[in-house]
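Hi,

Here is the structure I promised to pass along. Please have a look at it, and then read on for my notes.

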Amino acid sequence: MNLENLKIVDREVAAEIEKEFDRQQNNIELIASENITSKAVMEACGSVLTNKYAEGKPHKRFYNGCEHIDVIEEIAQKRACELFHMDHANVQPHSGAQANMAVFMYCLKPGDKVLGMDLSNGGHLSHGSPVNFSGLYFDVKSYGIDENGNIDYENVRQMALEHKPKLIICGASNYSKIIDFKKFKEIADEVGAYLMADIAHIAGLVAAGLHPSPAPYADFVTTTTHKSLRGPRGGIVMCKEEHAQGIDKAIFPGIQGGPLEHIIAGKAVALLEASKPEFKEYAAQIIKNAKALAQGLMDEGMDIVGGMTENHLMTLDLRRTGKTGKDMANVLEKVGITANKNTVPNDPQSPFVTSGIRLGTPAVTTRGFKEEDMVEVAKIIASAIFSSDNELGLQNLKERSLKLCKKYPIYGDK
Ligand SMILES: *Cc1c(COP(=O)(O)O)cnc(C)c1O
């Protein structure tokens, strides 16, 4: 990490960045939506491209001097289309939420009906939560998961038939099972709805061919680039050719101004990395690690929503322990494990307290953790939760976490 100039100009910010590096280095990151991007991606993101205005799209810009920017953005578009087998990609969304907003802007009018997954059941804010633009300006109906942690497709179908939504959204922020995109397509076709697949969480698994692709079925595929795909923070919206112009217009001038071309360069690099055989191995290890973690936790007597995970994440169900997600996420932080509280199906606690903790393996897998390390992580988690009042015990567990972190340094060095 080279902060040579920053240290001279702004010691305050430089010092906090260094502390954040140490925090990442010395803690086990189990937040399912986080990852550790490559130095190559960070170099692209920290480049002179941040100086350039490039409103519009390649070869149709509102500013001059875009000849190199155009090449970079076209490389990113091409790589996204190839990796996800879609006709068209717009790589300008500043985030996953912006990618989703573009689809809403393109195919809906305020008040139109949308069917999406409920936030507290694993959906995302931008899929129609009442506190998000998607829930404020559109008429949203939400489906959830059953007690076994599965989407009830027949229930989704019944809701679609009853409400006749114009857009159906599939994809989630906390769902541990394979998503059946074909079933969603059949339901969408039955009611004449557009289908949007938001693969923000599973993009890396889809890219590696380890989760079925929505490409044959969805009109729109949206994603983030910083989760399992391991790129810079940002979004991509992809679609069939017939929607390409409309989606581009929705991004600009619809909802955004100038694109972040330095981040787009980082996306291009990440998409190249994700197309390599090493990435397939990485994605396979993410799943192996998640299964090892889930099995380890169950062996320690803990409950997982829906039992064994089929992807990169799971939700620890704390109801039987009598403890809350909020308290236990804080206890895990004490032992050097970062994770977030999360609701479980029919959660008796409020969304601010919750009875669950979401755990994911993309970041630790990037560091090099293998199955046996995940078993150790499971033991640390279970011990911390079962003896959360034992300060000395927690101190000891933190040492065990640190030992794992030392074994697998991030970026090798600073
Ligand atoms: C993370 C996520 C998003 C939003 O991504 P941001 O970059 O945080 O805006 C959208 N959809 C799903 C399913 C997500 O998990």
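A definition first, as the cysteines come up straight away: two cysteine sulfur atoms count as a disulfide if they lie within 2.5 Å. Please keep in mind that this is a predicted model.

By that criterion, the structure has zero disulfides. Why does Cys 45 not form one? The closest cysteine sulfur, in Cys 66, is 18 Å from the sulfur of Cys 45, which is too far for a bond. Cys 45 is also buried, at 18% relative accessible area. Cys 81 remains unpaired too, because its sulfur is 8.6 Å from the closest cysteine sulfur, in Cys 239, and that is too far for a bond. Cys 81 counts as buried as well, with a relative accessibility of 17%.

Now to the ligand, which may be more up your street. The ligand is surrounded by 14 residues, and the closest are Gly 96, Ala 97, Ser 173, Asp 198 and Lys 227. Helix α5 (residues 96-107) supplies the largest share of this shell, with three residues. By type, the shell holds nine polar, three nonpolar and two charged residues.

Three side chains are worth a look in your viewer:

- Asp 198 has a polar side-chain atom 2.5 Å from a nitrogen atom of the ligand.
- Lys 227 has a side-chain N or O atom 2.8 Å from an oxygen atom of the ligand.
- Ser 95 has a side-chain N or O atom 3.1 Å from an oxygen atom of the ligand.

On its own the ligand has 380 Å² of accessible area, and the protein covers 86% of this.

Best wishes

Key:
Residues are numbered from 1 along each chain as its sequence is written. This is a predicted model: local features need pLDDT of at least 70, side-chain atom pairs count only at pLDDT 80 or more; totals for chains, interfaces and linings use all residues. Side-chain values use heavy atoms; hydrogens and water are left out. A residue is near a molecule or strand if one of its heavy atoms lies within 4 Å of it. A polar contact is a pair of N or O atoms within 3.5 Å; within protein, one must be able to donate a hydrogen and the other to accept it, and residues adjacent in sequence count only if both atoms are side-chain atoms. Accessible areas come from the Shrake-Rupley method with a 1.4 Å probe; for residues, only the protein chains shown count as cover. Helices (H or I, at least four residues) and strands (E, at least two) are DSSP runs, numbered from the N terminus. Ala, Val, Leu, Ile, Met, Phe, Trp, Tyr, Cys and Pro count as nonpolar, Asp, Glu, Lys and Arg as charged, and the others, Gly among them, as polar. Buried means under 20% relative accessible area, exposed over 50%, partly exposed in between (1.4 Å probe, protein chains only).
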